[in-house]
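Student: Please take me closely through one part of this model, and then show how its features relate to the rest of the chain.

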Amino acid sequence: MLDSLREGLQAAVKKLVGANAVDEKSVKEFIRDLQRALIQSDVNVRMALEVTERVQKRALEEKPPAGVTKKDQVVSVLYEELARLLGGEGGLQLDKAKASVIVMLGVQGSGKTTTTAKLARLYTKRGFKVGVVAADTFRPGAVAQLKTIATAAGAEVFSDEKQKDSVKVAKEGKKHFEGTKNLVIIDTAGRHKEEKALLQEMKEVVGAVKPDATILVIDGTIGQQALSQASAFHQAAPVGGIVVTKLDGAAKGGGALAAAAATGAKVFFIGTGERMDDLEEFAPTRFVGRLLGMGDLRALMDLVKQAEVDVDEKRVQRMMSGKLTMDDLMYQFDQMKKFGSLKKVLEHIPGISGTVKSEDLDKAEDRVKVYRSIIQSMTGDEKGDPDSINSARLKRIARGSGRSEKDVRELLSRYKQMKSLVKTSKGREFRQLMRRMGDQ
């Protein structure tokens, strides 16, 4: 996520940390690198200059606290200023003890309907009884789409496909769920931000249902244009919070986040992928930690909870004792798939985040696909004892999986390396990681 911005910032920090000394010359060079990284991510030029000027001023004028090196102090200053650029802390606060209503706003194509279903899924998992109102009476197919994905997300959907008045649908939907749901999410029509009819309709919907929160959904690929879009909506109906979508692979995502925060409304969530669980609560300080390669264990724990990973304790204990089979490898691949991607997991882990290049992770994920197909072509006995695979079987497995013999040999080699590593360490690193996560 935000690969170019992350790599630009981390390269600048690495260069500073590797310098012989932190003096005025190295700080100014650091600032130029930062400006380049921010502007290339479509952060507004004025914002980029303001934040880097603050970093430069503080880096040159402030003295590091006792026991802190100058390099660490400058990185700390950058961390604080980037977090400030991305807005204040504090997300969407909902109380299960009372019924809450959220109205979703946004232009067509922003991902509003999908985000409505993702939000329903997130809060259903948190124990809320969620009802979704399909009040987008403008876009053909919008009601059917929402019914499909929100129902799959575990929420009940209210709709009236004969009714064209979205204000009436919103009011009736809210009334329909009274007494049975403690969270009602209303999806409204999305059109162009300059359509007066849309903005008037939103104003009427908000006036009719009096929501506890209005959430604007913005497409992260539009970059700094997010500011004008958010401002237009804010004038029509006060925006309580923002969701920035499509940040996975969005080259302009950094600009969109900064612009959204500049409206004064908090960024509540970010969309990080196409899966229903790819909606993440946004906390600027933790997010900046990931951008700078410091990891974010709390977000990782949220990811684990959302993935609903079922831990097979007997299997894990057996694996930790060094008795590893190909079925165990497949089990790990399946568990990893629930998180969305290997990249998503690693970027949250301190000490690992930022140390592996994005392209290397992409290659690793491609290799997992190759390994999966090879394992699926093995017999049960071969999965339990891969050492029994002879050259004749190796060729047949390669043909059966549609892979090369070299790929099969590579998998068997990786398997042996992993088995040896686990046996040698007896899971020491894994236990240390779990202990560190528990300390958070």
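Tutor: Isoleucine 39 is a convenient place to begin: with a relative accessibility of 36%, isoleucine 39 counts as partly exposed, a class that lies between buried (under 20% relative accessible area) and exposed (over 50%), taken with a 1.4 Å probe and protein chains only. The model is a predicted one, in which local features need pLDDT of at least 70, side-chain atom pairs count only at pLDDT 80 or more, and totals for chains, interfaces and linings use all residues. Residues are numbered from 1 along each chain as its sequence is written, and side-chain values use heavy atoms, with hydrogens and water left out.

Isoleucine 39 belongs to helix H2, which covers residues 24–40. Helices (H or I, at least four residues) and strands (E, at least two) are DSSP runs numbered from the N terminus. On the surface, Ile39 joins Val45 and Leu49 in a nonpolar patch with about 210 Å² of accessible area together. A patch is built from residues with over 30% relative accessible area and no salt bridge, with like charges joined within 9 Å and nonpolar side chains (Val, Leu, Ile, Met, Phe, Trp, Tyr) within 5 Å. The areas come from the Shrake-Rupley method with a 1.4 Å probe, and for residues only the protein chains shown count as cover.

Serine 26 also lies in H2. Because its relative accessible area is 12%, serine 26 is classed as buried. The side chain of serine 26 reaches the backbone oxygen of alanine 21 at 3.2 Å. Once residues up to four places away in sequence are set aside, serine 26 touches Leu16 and Ala21, a contact being heavy atoms within 4.5 Å.

The same helix holds an ion pair. Aspartate 33 and arginine 36 form a salt bridge whose closest N and O atoms are 3.0 Å apart; the term denotes a side-chain nitrogen of Lys or Arg within 4 Å of a carboxyl oxygen of Asp or Glu. Both residues lie in H2, three residues apart, which is about one turn of the helix. An α-helix has 3.6 residues a turn, so residues three or four places apart point the same way. Aspartate 33 is buried, since its relative accessibility is 12%, whereas arginine 36 is partly exposed at 45%.

Other salt bridges span longer stretches of the chain. Glutamate 81 and arginine 54 meet through their side chains at 2.7 Å, N to O. This pair links distant parts of the chain, with glutamate 81 in helix H4 (residues 70–85) and arginine 54 in helix H3 (residues 45–61), 27 residues apart. Glutamate 81 is buried, with a relative accessible area of 1%, while arginine 54 is partly exposed at 27%. A further bridge connects the side chains of glutamate 281 and arginine 126 at 3.2 Å, N to O. Glutamate 281 sits in strand E8 (residues 279–281) and arginine 126 in the loop between helix H5 (112–125) and strand E2 (130–134), so this pair ties together parts that are 155 residues apart in sequence. Both partners are partly exposed: glutamate 281 at 25% and arginine 126 at 33%. Salt bridges that share partners also join Arg54, Arg58, Glu62, Glu80, Glu81 and Arg84 into one network. The count of salt bridges comes to 25.

Helix H6 (residues 142–152) shows a buried side of its own, formed by Ala142, Val143, Leu146, Ile149 and Ala150. Viewed down the axis of H6, these buried residues fall within an arc of 145°, so they line one face of the helix; the arc is that of the directions from the helix axis to the C-beta atoms. The face turned away from that side carries the exposed residues Thr148 and Ala152. The cover over the buried residues of H6 includes H5, E2, strand E3 (156–158) and strand E4 (183–187). Just after H6, glycine 154 adopts a positive phi of about 100°.

Glycine 106 lies in strand E1 (residues 100–106) and is buried, with a relative accessible area of 0%. Its C-alpha atom is separated by 8.9 Å from that of alanine 230, which is 124 residues away along the chain.

As for the whole chain, there are 20 helices and eight strands, and 50% of its 440 residues count as buried. Among contacts between residues at least 6 apart in sequence, 73% join residues at least 24 apart. The chain exposes about 21400 Å², of which carbon and sulfur atoms supply 51%.

How values were computed
A polar contact is a pair of N or O atoms within 3.5 Å; within protein, one must be able to donate a hydrogen and the other to accept it, and residues adjacent in sequence count only if both atoms are side-chain atoms.
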